[in-house]
Amino acid sequence: MHIVLQLIPKKYLIGGTLILLGLSGLLIMSTIVAITGEFEKDSQQSEVTEIEGGGIGVGTANVSPEVMKYQPLLEKYAQKHGLDASYVPIMMALMMQESGGRGNDPMQSSESFCGSVGCISSPELSVDKGVLHFKSVLEKAHYDLKLCLQSYNFGGGFINYVMKNGGKYTPELAISFSQLQYQKVKHTGNYHCVRPEMVPYQACYGDSLYVNAVLKYYTGTITADGKPAAPASGGSGGKSGVKVIDAGKTLIGKTRYVFGGGRSQSDINAGRFDCSSFVRWAFEQVGMNVGPMSGVTTDTLKTQGQAINPKDMKPGDVVFFDTYKIDGHVGIYVGNNQFLGCQGKTGVAIASMAKGTYFGERFNGRVKRF
């Protein structure tokens, strides 16, 4: 560095120093803007995916810390492959049953990816291909979630078997399929009952009780066909949604955006909110508790409510955007490609999420009905 400075004429040093100081100031300002999520440009933003089949309602995975650490990756690849994020807790439960989150192939997706055990040695590749396989099986099972789970264990042949025998998963069909398949392969000596209770039935192909084994790690809502349950009366869509919007509109022109604001009564009284605290406040005004004042974030809000297909959005549904991070911004849909939210430049205001707009390009397809 000293040699370089000696080569530069002294009359340029002062000007160069001022330029560097100016660039440093711009860099600091850019960092602040990125943190608030207002102007950042996400070069890796993918196109919004039309999600067919919807989600399964609210659910929680009761899994080990080893599995919990894979939640961000599961969410990342669910979004990449167009799978509703409400399936992430189920896939965490599946991972818990498959591997407990241990090893280089925690989703045990080698066979579906390359046809043989052990070809995957990267946990992220395992999650990528495991989520893709789960989605594929789910679609072939016509969103019968239990059929999807059992087929993840048995293979796609079980779906064909079920479609020829009533078209819906039952534990009895799982046992009978295992019996039939075991008769075909038991001469190899490579198959043994993983569950002692299946020995009397000679149902020793795969795990006939796989569905229950996975679901013991999951607490939540599952409809008979794996599609979203009808929203409970008083949900945020429809008439109740209009009430939430009306409550939120009372703050238009009376607030300013403060990152981390809105988590104390003094902040609220002074009109200091960020996006997630505003959404929590609006729902509180119509008697709905969607999280504690002090702890609400976009990440806590996205675990609430029922997943909705974006093309089925109604006023009052909660919409998410990928800004400074995945689900970095949140607002309340008001209709006509517009949402009500607390934004950095405007405070609480109605903003466009139409294609080609800032938020339209960052809408990630996650919609929740509280």
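**A colleague's note on the sheet, its helix and the largest pocket**

1. Strands E8 and E9 are antiparallel partners, joined over 6 bridges. Please keep in mind as you read on that this is a predicted model. The two strands, E8 and E9, make a hairpin, with 3 residues lying between them. For a residue-level handle on this pairing, look at Cys342, whose bridge partner in E9 is Val348.

2. Zooming out, the hairpin belongs to an open sheet of 6 strands, ordered E5-E10-E6-E7-E8-E9 with antiparallel pairing. Strand E5 (306-307) and strand E9 (347-352) are the edges; each has a single partner strand, so one side of each has no neighbour in the sheet.

3. At the E5 edge, what joins E5 to strand E10? The link consists of 2 bridges, and E10 (residues 363-369) runs antiparallel to E5. Here Gln306 sits opposite Arg369 in E10.

4. A helix also deserves a look alongside the sheet. Helix H14 (residues 275-284) lies across four strands: E6 (318-321), E7 (329-335), E8 (338-343) and E9. Relative to E7, helix H14 runs at about 45°.

5. Now for the aromatic rings. Searching the whole structure turns up 18 aromatic pairs. One of them is Phe321 with Phe339: the ring centres are 4.7 Å apart and the planes meet at 40°, so this pair counts as tilted, falling between the stacked limit of under 30 degrees and the edge-to-face limit of over 60. Phe321 is in strand E6 and Phe339 in strand E8, so the pair ties together parts 18 residues apart in sequence.

6. Finally, you may want to inspect the largest pocket, which has a volume of about 600 Å³. Its lining comprises 21 residues, and those closest to the pocket centre are Glu98, Gln108, Glu111, Tyr152 and Asn153. Helix H5 (88-98), helix H6 (110-114) and helix H8 (145-154) are the elements that give two or more residues to this lining.

7. Which element gives the most to the lining of the largest pocket? That is H8, with 4 residues. As for chemical character, the lining of the largest pocket has 12 polar, 6 nonpolar and 3 charged residues.

Conventions: Residues are numbered from 1 along each chain as its sequence is written. This is a predicted model: local features need pLDDT of at least 70, side-chain atom pairs count only at pLDDT 80 or more; totals for chains, interfaces and linings use all residues. Side-chain values use heavy atoms; hydrogens and water are left out. On a 1 Å grid over the protein atoms alone, a cavity is a set of points where a 1.4 Å probe fits but cannot get out, and a pocket is an open set with protein on both sides within 12 Å along at least five of seven lines; lining residues have an atom within 4 Å of a point. Grid points are joined across faces, edges and corners, and a volume is the space filled by probe spheres set on the points. Ala, Val, Leu, Ile, Met, Phe, Trp, Tyr, Cys and Pro count as nonpolar, Asp, Glu, Lys and Arg as charged, and the others, Gly among them, as polar. Two strands pair if DSSP finds at least two bridges between them. Contact means heavy atoms within 4.5 Å. Axes are lines fitted to C-alpha atoms, for helices over the stretch in contact, and angles run from 0 to 180 degrees between N-to-C directions. Rings of Phe, Tyr and Trp (its six-membered ring) pair if their centres lie within 6.5 Å; planes under 30 degrees apart count as stacked, over 60 as edge-to-face and the rest as tilted.
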